[in-house]
Amino acid sequence: MAAKRTIPGKARAPKNEGWPPDEDAKFTVALDGLLTPGRKGDRRPRPYVSPSNAGKCARALGYHAIGLEQEPPDLASEITFALGDALHDTIQGAFANACDDDGTIEIGGVRSELHIEWPIGTPGDGERGEDGEVPPIPQVLTFEHRGDTYEIPVFGYIDVGHHETSVDIKSKGGYGYKLAIGERKAADGPDVMAMVQALIGAMAKGLKFGTIIMGAKDAISKTSAAAKRMPDAQRVVAEWTIALEDWRDFVQDELVRMWKINELARSGTLPARRIPGYAGEVENPGDGTVNGTGRDVAPDGTVLGVFDAWQCAYCGYRDRCIADGPGRVTITPPTTQEGPNP
Ligand code: SF4
């Protein structure tokens with residue numbers, strides 16, 4: 001308890017002493033146990049690609065494909081997820097609530113049907129991952145790509161579909177949002193793979209565009225926004241739209257990557273621990289407090305640099321990944337649609 005630092009009759013301790021949190025915290029410690037029941041895994045193979053996995057580590061995609069249950073998130077992740085979910089639902093719900101009785105809404109001067117949580121494929125009763133329930137029926141995307149024909153089963157949801165665009169809603173922390181919209185320097189824009197996710201939705205539904213709506217978990221102040229002549233809404237929400245045709249090759253590359261990994265894992269080989277954007281393999285997935293690391297090595301063995309595999313800190317498969325080790329790993333492939341993992 002920090003009582004010794006407080007002064008009777010004063011609301012706050014003197015500035016030079018500070019006011020650190022209680023060392024014998026009770027409520028926040030209890031909260032840790034209350035909020036970490038874990039997210040359910042499917043425990044069954046998933047013979048399809050999930051758009052929301054675009055850009056993920058190959059090994060993590062392999063675990064997802066064989067239906068490995070994820071480890072429970074820690075308190076920080078659980079609360080961060082909950083904030084993101086709340087923001088997502090607030091934005092999505094605003095559109096849903098504003099829809100007319102005929103299911104249409106005017107956005108950007110165009111009146112069109114609005115689809116919320118629009119499935120790609122047919123949801124089974126078990127689309128949220130409940131054990132023992134009916135798996136979904138994916139939609140098969142057929143396309144020519146770099147001289148080959150692919151038929152790739154895809155299952156997932158489009159957050160919002162309207163007129164010619166497939167919309168994915170993402171949340172960002174306050175600082176990340178500022179970087180994305182260019183409040184500090186040239187705008188970083190949204191995560192490229194989030195846009196790929198939206199464009200996979202556009203492919204599946206025959207739409208022309210993908211849109212990312214990004215909501216901030218912390219709003220930019222009115223004063224700062226006014227000084228930068230920023231539209232008021234952009235203090236907390238921004239959007240980017242891309243034409244599918246401009247990104248088609250890139251989107252199809254990612255679909256093919258995800259599907260090949262899916263087939264590989266379900267046939268009994270987990271891929272190496274590779275994350276798109278990094279030349280090397282993750283050597284150390286971290287220990288839960290430290291990010292993963294890997295090395296980019298030139299063909300002649302020269303170490304070009306060490307990279308920070310920050311994704312490992314948020315990965316629900318890390319313990320299993322550490323136990324399985326680096327490189328490709330042979331496993332007993334799952335054979336049933338239900339039951340325990342291999
Ligand atoms: S811990 Fe890291 S390397 Fe392992 S599956 Fe997760 S993201 Fe990939």
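Trainee: Where is the kink in helix α7 centred?
Mentor: This is a predicted model. Helix α7 spans residues 244-266. Its kink is about 35°, and the residue at its centre is F250.

Trainee: Which residue just after α7 takes a positive phi?
Mentor: Within α7, the buried residues include L244, V251, L255, W259 and A265. Just after the helix, a positive phi of about 115° is found at G268.

Trainee: Which helix gives the most to the largest nonpolar core?
Mentor: The largest nonpolar core has 56 residues, and V154, L199 and I200 touch the most other members. The helix that gives the most supplies nine residues and covers 192-205. That helix is α5.

Trainee: Why does this core lie between two domains?
Mentor: Domain 1 covers 74-260 and domain 2 covers 272-330. Both give residues to the core, so it lies between domain 1 and domain 2.

Trainee: Which residues is I200 in contact with, leaving aside neighbours within four places in sequence?
Mentor: I200 is among the core members that touch the most others. Two of its contacts, V251 and L255, are buried residues of α7. With those neighbours left aside, the full list is P51, A54, V154, V251 and L255.

Trainee: What is the strand order in the open sheet of three strands?
Mentor: The edge strands, each pairing on one side only, are β10 (281-284) and β12 (303-309). Strand β11, residues 292-297, pairs with β12 in the antiparallel sense over six bridges. The order is β10-β11-β12.

Trainee: Which residue in β12 is the bridge partner of D296?
Mentor: β11 runs over residues 292-297 and pairs with β12. In β12, the bridge partner of D296 is G305.

Technical notes
Residues are numbered from 1 along each chain as its sequence is written. This is a predicted model: local features need pLDDT of at least 70, side-chain atom pairs count only at pLDDT 80 or more; totals for chains, interfaces and linings use all residues. Two strands pair if DSSP finds at least two bridges between them. Helices (H or I, at least four residues) and strands (E, at least two) are DSSP runs, numbered from the N terminus. A nonpolar core is a set of buried Ala, Val, Leu, Ile, Met, Phe, Trp, Tyr and Cys residues joined through C-beta atoms within 7 Å. A residue is buried if 20 or more other C-beta atoms lie within 10 Å of its own, exposed if 12 or fewer, and partly exposed in between; C-beta atoms are placed from the backbone. Domain bounds come from an automatic or database domain assignment. Two residues are in contact if their C-beta atoms, placed from the backbone, lie within 7 Å. The bend at a residue is the angle between axes fitted to the seven residues ending there and the seven starting there.
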